[in-house]
Amino acid sequence: MNSLPLIGALRHRVTLEAPIDAPDGAGGFSRSFTPVATLWARFAPSGVREDFVEQRAEQATTHVVTIRWRDDVSKDMRFVYRGRKLRIQSVVDPDERRRFLICACEEIT
């Protein structure tokens, strides 16, 4: 798969969400997310990984989400696609020309 899509390949609607941390009164914080923008994206599954967490098997599905370049996307954010939440793990400008961002994501279950 070519890493730089044609604009027509950005045919899925995703919502970019930013975290909001609020003090929980016990020295920690409670994290929620707020929508930043609704974007056109290329959404492609990239793999499945199985880990053992607390002596049970957990499966993590990874995806690649490609969007038009923005300067406000970070790995603290997430995408929502058809009700599925995708935690952004990395953000790359593949040709450093500020045309696209390729985001490696993990589905939150």
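Which side chain does the side chain of Glu-106 meet in a polar contact of 2.8 Å? It's Arg-49, and the first view below starts there. A word on the model: it is predicted, so local features need pLDDT of at least 70 and side-chain atom pairs count only at pLDDT 80 or more, while totals for chains, interfaces and linings use all residues. Residues are numbered from 1 along each chain as its sequence is written, and side-chain values use heavy atoms, with hydrogens and water left out.

**View A. Glu-106 and its partner Arg-49.** Glu-106 sits in strand 6, residues 100-108; strands here are DSSP runs of E with at least two residues, numbered from the N terminus. The side chains of Glu-106 and Arg-49 are joined by a polar contact of 2.8 Å. That term covers a pair of N or O atoms within 3.5 Å; within protein, one must be able to donate a hydrogen and the other to accept it, and residues adjacent in sequence count only if both atoms are side-chain atoms. Glu-106 is buried, at 10% relative accessible area (buried is under 20%, exposed over 50%, partly exposed in between, with a 1.4 Å probe and protein chains only). Beyond neighbours within four places in sequence, Glu-106 is in contact (heavy atoms within 4.5 Å) with residues including Thr-61, Lys-85 and Arg-87.

**View B. The largest nonpolar core.** This core has 18 residues, and Val-65, Ile-67, Phe-79 and Ile-88 have the most contacts inside it. Strand 2 (29-53) is among the elements giving two or more residues, and its four are the largest share. A nonpolar core means buried Ala, Val, Leu, Ile, Met, Phe, Trp, Tyr and Cys residues joined through side-chain atoms within 4.5 Å. Leaving out residues up to four places away in sequence, Val-65 touches Phe-43, Phe-79, Cys-103 and Cys-105, among others.

**View C. Cys-103 and Cys-105, no disulfide.** Why don't these two cysteines bond? The sulfur of Cys-103 is 5.5 Å from the closest cysteine sulfur, in Cys-105, so they're too far apart for a bond; a disulfide needs sulfur atoms within 2.5 Å. Cys-103 is buried, with a relative accessible area of 0%, and Cys-105 is buried too, at 1%.

**View D. Two arginines over rings.** The charged end of Arg-13 sits over the Trp-40 ring, 4.3 Å from its centre. Arg-78 lies over the face of Phe-33, 3.9 Å from the ring centre. To count, NZ of Lys or CZ of Arg must be within 6 Å of the ring centre and within 35 degrees of the ring normal.
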